[in-house]
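Dear colleague,

Please find below the structure that I am handing over to you. My notes on what was found in it follow directly after.

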Amino acid sequence: MIFNTFGNMENKRILALHGMLCEWTKFRDLLKPLEEEYYVIYPSITGCYDGSEDFVSFADECRQIEEYIDQNLNGKLDAVWGVSQGATILTELLARNRIKVDTAILDGVYLAHQGKLAAKLGLKAFLKMQKNGGQISKPMQIVSKLMGLEKEDLVEFSLMYWGSSESSMKANLLENYTYHVKEDIKNSDTHVVLWCGSKEPYAIKSHDILKKYLKNYEEKIWPNVGHGVRMYFHTDEYIKAIKNVLEK
């Protein structure tokens, strides 16, 4: 994992966790206006940048985050934002409870998955897309419908990083589709904000899982949109929503 920082360190400090097998720079392009008011830290998940080692687990990613925050920010963050897999990693970070996080925004968290078979099929689809320069395969189009994505929404796949090794992708997908939230998340005092689109059945199921444990949360389900659509296609409104949460 590598860490990239922007903005004034004297401002509120926010960690921004990108989506599965994606490129952090593309998320920074979307969220860049936040840097005017906040100090923003963009980790690049292991396996998702040139020269990276292979991905191991969400726990290992969280260990690296904790070490960085301890060494550079006295073990404290004002906020963490995570989208898609970034939100799922954030649940692991909250359950570990080794750094202090005031506010966590989880957008499109997926904790209700299909298991190893889904990981195997997902790897096959991603490898084909990698070989074809990111062209979206028919199986991936079918899977995307389960995420509430219409054909015109699939441009979101431009956020992907296609330099991952096959072994790294395999480990990442296996972790993604078999991960279960740790019950220790119930010990977190972080104020958690749950976001997703109304067309995301798995994210909504994941909210229900988390709400069994969280003691301090609020929920917003965006109407008539699928996974990541609000962030990607309505970015100005999305950034305003992040700022509203952080300034409460």
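The lining of the largest cavity in this predicted model consists of 11 nonpolar residues, with no polar and no charged ones. This cavity holds about 50 Å³ of space. Two or more lining residues come from each of strand 2 (13-17), strand 4 (76-83) and helix 9 (235-246). Strand 4 gives the most, with 3 residues. Among the residues of the lining are Ile14, Leu31, Val80, Trp81 and Leu246.

In total, the structure has 2 cavities of 30 Å³ or more. The second largest contains about 30 Å³ of space. By class, its lining has 5 nonpolar, 3 polar and 3 charged residues; Asp107, Glu200, Trp222 and Arg230 are among the residues found there. Strand 6 (191-197) and helix 8 (229-233) each supply at least two residues of this lining, and helix 8 gives the most, with 3 residues.

Helix 6 also deserves a description. This helix covers residues 166-178 and reaches 18 Å from its first C-alpha to its last, close to the 18 Å expected. Its buried residues include Met169, Leu173 and Tyr177, and what covers the buried residues includes helix 2 (58-73), helix 3 (85-96) and helix 4 (116-131).

Finally, leucine 146 lies in the loop between helix 5 (138-145) and helix 6. Is leucine 146 buried or partly exposed? Its relative accessibility is 43%, so leucine 146 counts as partly exposed. Leucine 146 touches Pro201 and Tyr202, leaving aside residues up to four places away in sequence. Lysine 199 is 53 residues from leucine 146 in sequence, yet their C-alpha atoms are 8.3 Å apart in space.

Yours sincerely

Notes: Residues are numbered from 1 along each chain as its sequence is written. This is a predicted model: local features need pLDDT of at least 70, side-chain atom pairs count only at pLDDT 80 or more; totals for chains, interfaces and linings use all residues. Side-chain values use heavy atoms; hydrogens and water are left out. Helices (H or I, at least four residues) and strands (E, at least two) are DSSP runs, numbered from the N terminus. The expected span of a helix is 1.5 Å times one less than its number of residues. Buried means under 20% relative accessible area, exposed over 50%, partly exposed in between (1.4 Å probe, protein chains only). Contact means heavy atoms within 4.5 Å. On a 1 Å grid over the protein atoms alone, a cavity is a set of points where a 1.4 Å probe fits but cannot get out, and a pocket is an open set with protein on both sides within 12 Å along at least five of seven lines; lining residues have an atom within 4 Å of a point. Grid points are joined across faces, edges and corners, and a volume is the space filled by probe spheres set on the points. Ala, Val, Leu, Ile, Met, Phe, Trp, Tyr, Cys and Pro count as nonpolar, Asp, Glu, Lys and Arg as charged, and the others, Gly among them, as polar.
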